[in-house]
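This report goes through the fold of a single chain, beginning with its sheets and ending with a helix pair. Please keep the sequence and the structure in view while reading.

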Amino acid sequence: QEWSEWSACSSGCGGGYQERIRQVANEAQGKDGRCPDDRSGQRYDLQMCNTNRCSGTEQCSTRQNIVIAVDQSAYVTDAARIAQTSFIKQFLARFRGNGTNASRVGVVQFGNGDILPDGTVRTAHVVSRMTENVGDVELSLQDKLQKSNGFPNLGQGLRAAGELCSVDVRFEEFGGLRSCGSRVGVASFLSSMDACADGCRSNDDCLAFRFAEAANASLPAVCEFYSERSSDVAGCTTKYAGKVYDLIQPEPCVVVVLAGGRPPFMGQALLKSKQLSKRNIRTLVVSFASGADTDALKSIASEPQKANFLSLSGWEAFSATRLAMAADSCPSGGALEPKLLDASCLASTAAGCGSAAAAVRCCNADATTCRGVGLGCIISNITHAEATCKSTGLRLCSPDELETGICCTPECGMSERLTWTSQESKRRWAVDMTLARACPESQSPVPPSP
């Protein structure tokens with residue numbers, strides 16, 4: 001058949017992917033007949049999209065379910081745990097919605113892995129059940145997220161996350177029906193039907209409720225399940241067709257895995273990830289591991305893996321990145337656009353800091369003079385620039401001061417006009433990229449009209 005339309009982009013910014021496929025029109029015939037594999041180039045195509053850089057102000061206002069699975073195993077240091085928790089809070093702060101547009105968020109913790117006497121692996125535990133209240137999730141992080149010294153039982157973590165995606169039931173109210181009020185698990189509800197349904201059975205109407213994916217519920221099945229209270233299944237189906245259908249359709253669910261190392265039972269984790277995919281639950285893996293562990297964790301991400309895997313350069317990347325502005329020191333010669341460059345420094349010496357480089361020019365206290373040539377026309381990182389200016393009793397100039405042309409020094413050959421300034425910012429790159437993948441429709445808020 002012909003190629004399908006390109007799918008929606010997997011990421012709102014920072015570079016995502018689109019897929020298109022070709023279905024088989026007629027199966028191959030004969031002993032040796034065989035159609036091309038569904039992932040071969042003849043039937044599958046992938047292209048990049050939304051390659052624009054994330055602004056750092058994007059927010060998610062799409063209704064969907066997000067479950068964060070947090071690695072708290074012995075692999076994760078105390079510093080990494082603190083960084084993870086800070087990351088999660090910043091990530092949650094990007095969810096802005098209310099009513100029908102509010103996302104539901106839950107958290108599970110794995111890393112308490114241990115082999116039990118019966119030979120099974122200890123289950124992961126739920127830190128926060130699904131809720132639209134981000135504040136409640138943050139309180140749960142503070143009270144219930146605990147350090148573990150086990151191995152990363154990721155398979156059990158994915159299982160717990162999948163249950164949060166699809167087993168929580170929210171009972172709705174229709175036609176004045178008030179019954180079985182709170183959220184309970186499907187299994188719990190079915191096992192205690194007699195206890196909670198007394199008020200339901202006296203009502204002839206159908207009980208309309210969100211069923212998520214449990215038991216592959218369909219509209220007739222929901223009505224038939226409650227036929228004890230409504231003998232007219234066909235009438236029930238017709239009466240509540242639109243409303244019930246909306247309620248039982250599962251909202252999109254994404255499991256965001258924060259993992260610091262390869263789980264020892266990879267087979268279990270891979271199997272569980274595939275099972276989630278079959279239920280349309282996407283697994284997005286954010287790895288702060290290294291080497292072969294990173295490759296192993298990538299295999300757990302949903303297809304296409306390029307769109308659902310994010311590799312961080314260690315747990316430090318959870319933290320905010322320091323940025324400093326470099327501006328044109330000779331704007332009269334056709335001004336160059338200012339740039340925010342990476343100003344982070346984890347090295348012990350200025351010389352060993354980041355690769356982002358710009359010219360070093362220093363202003364005096366009242367910005368009446370500027371030195372560049374006398375410093376040796378240096379091009380270096382921000383830490384070296386700050387140290388150089390300080391050692392001579394000067395300081396970095398502000399963007400406005402550079403705009404006056406005070407630091408325009410042709411003697412340096414102007415090989416580098418972009419010059420470090422004193423203006424700084426912070427960017428949480430890991431938050432930006434994770435949000436863009438977890439919520440592809442995330443957007444920066446529109447400023448109010450003047």
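Which residue in β10 is the bridge partner of C253? In this predicted model, the partner of C253 is I281 in β10, and the pair belongs to a ladder in which seven bridges join strand β9 (residues 253-259) to strand β10 (residues 281-287), the two strands running parallel.

**The six-strand sheet**

Strands β9 and β10 are part of an open sheet of six strands, ordered β5-β4-β3-β9-β10-β11, whose pairing is mixed. The edges of this sheet are formed by β5 (125-131) and β11 (309-311), each of which pairs on one side only. Ignoring direction, neighbouring strands of the sheet are turned against each other by 15 degrees on average. Helix α2 (residues 134-144) packs on the sheet, where α2 touches β4 (104-110) and the edge strand β5, and the direction of the helix makes about 170 degrees with that of β5.

**The three-strand sheet**

A second open sheet has three strands in the order β16-β15-β18, and here the pairing is antiparallel. Because β16 (370-371) and β18 (395-396) stand at its edges with a single partner strand each, one side of each is left without a neighbour in the sheet. Strand β15 (residues 362-363) is joined to β18 by two bridges, and C362 has L396 of β18 as its bridge partner. In general, the strands of a sheet pair through backbone hydrogen bonds, in either a parallel or an antiparallel manner.

The two ladders described above are set out here.

| Strands joined | Bridges | Direction | A bridge pair |
|---|---|---|---|
| β9 and β10 | seven bridges | parallel | C253 and I281 |
| β15 and β18 | two bridges | antiparallel | C362 and L396 |

**A helix pair**

Helix α1 (residues 78-92) packs with helix α14 (residues 429-438) at an angle of about 50 degrees, the axes lying 10 Å apart. This angle makes α1 oblique to α14, and the crossing of the two helices is right-handed. On the α1 side, F87, Q90 and F91 take part in the contact, meeting A430, V431, T434, L435 and A438 of α14.

**The chain as a whole**

The chain holds 14 helices and 19 strands, and of its 450 residues 47% are buried. Among contacts between residues at least 6 apart in sequence, 73% join residues at least 24 apart. About 22,400 Å² of the chain is exposed, with carbon and sulfur atoms supplying 49% of that area.

Note on methods: Residues are numbered from 1 along each chain as its sequence is written. This is a predicted model: local features need pLDDT of at least 70, side-chain atom pairs count only at pLDDT 80 or more; totals for chains, interfaces and linings use all residues. Side-chain values use heavy atoms; hydrogens and water are left out. Helices (H or I, at least four residues) and strands (E, at least two) are DSSP runs, numbered from the N terminus. Buried means under 20% relative accessible area, exposed over 50%, partly exposed in between (1.4 Å probe, protein chains only). Contact means heavy atoms within 4.5 Å. Accessible areas come from the Shrake-Rupley method with a 1.4 Å probe; for residues, only the protein chains shown count as cover. Two strands pair if DSSP finds at least two bridges between them. Axes are lines fitted to C-alpha atoms, for helices over the stretch in contact, and angles run from 0 to 180 degrees between N-to-C directions. Angles under 35 degrees count as roughly parallel, over 145 as roughly antiparallel, 65 to 115 as roughly perpendicular and the rest as oblique. A crossing is left-handed if the near helix is turned anticlockwise from the far one by less than a right angle, and right-handed if clockwise.
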